[in-house]
Amino acid sequence: PAPLLTPQSLPFPTALSCLSTTLTTKGITSKLLLGGTPQGQLLGVPLPMLLAPLQPGVLRSVEPKALVSYNHTIHGLRLVVSWPTHLQSTSHALAAGLDLFYTRLSPSRAYDLLNADFGYWLLLLTLVGLLGLTGVARRLAQRSELDRAWS
């Protein structure tokens, strides 16, 4: 049987000159729809927000935090490319026109990155302590087993 294709239009509040989506290594992370505007701005809109049902007569609006290019203008924006990083939560994005703009995007936040103030020494100390307690518990269990064998 032939696949059933159904067209779907997504009303967008502004014109777009180019379009792409974020890509991740395994495709688990939620996606951003990357759109370049004729004014030279790069927008990153969550795909679930665009696919949500829209009430009649209501226009979608783009939040200021959706501006991926921040306050930079990419003159003559005509291409947006995305490729995965070695981290699952992060994707590279490059916007090209007369200018180049590069950024890393984390649509689902950077859930696989550690903070700069992560306590590595505390983790190491906890690991050494647990290994030590495991050794002590093993010796106590062996001694208890030996005492039971003699009695």
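How many residues does the hairpin that joins β5 to β6 run through? Three: the hairpin goes from β5 to β6 through 3 residues. A reminder before I go on: this is a predicted model.

Let's stay with β5. The strand covers residues 91–96. Is β5 mostly covered or not? It is mostly covered, with 5 of its 6 residues buried.

Now its partners. On one pairing we have β4, residues 79–84. β4 and β5 are antiparallel, and 6 bridges link them. The connection is again a hairpin, and it takes 6 residues to get from β4 to β5.

The other pairing is with β6, residues 100–105. β5 and β6 also run antiparallel, over 6 bridges. The hairpin here is the one I opened with, through 3 residues.

One residue to find on your screens: alanine 95, in β5. Its bridge partner in β4 is valine 80. Towards β6, alanine 95 stands opposite phenylalanine 101.

Next, the pocket. The largest one has a volume of about 360 Å³. Its lining counts 16 residues. Which of them lie nearest the centre? Leu32, Gly44, Pro46, Lys65 and Ala66.

Which strand gives the largest share of that lining? Strand β3, residues 42–46, with 3 residues.

And the chemistry of the lining: 10 residues are nonpolar, 3 are polar and 3 are charged.

To recap. β5 pairs antiparallel with β4 and with β6. Hairpins make both connections, through 6 residues from β4 and through 3 residues to β6. The largest pocket draws the largest share of its lining from β3.

Note on methods:
Residues numbered from 1 in each chain as written. Predicted model: local features only at pLDDT ≥ 70, side-chain atom pairs only at ≥ 80, totals over all residues. Heavy atoms only, no water. 1 Å grid on protein atoms, 1.4 Å probe; cavity = no way out; pocket = protein on both sides within 12 Å on 5 of 7 lines; lining within 4 Å. Points joined across faces, edges and corners; volume = space filled by probe spheres on them. Helix = DSSP H or I, 4+ residues; strand = E, 2+ residues; numbered from the N terminus. Nonpolar A, V, L, I, M, F, W, Y, C, P; charged D, E, K, R; others polar. Buried < 20%, exposed > 50% of the residue type's maximum accessible area, 1.4 Å probe, protein only. Pairing = 2+ DSSP bridges.
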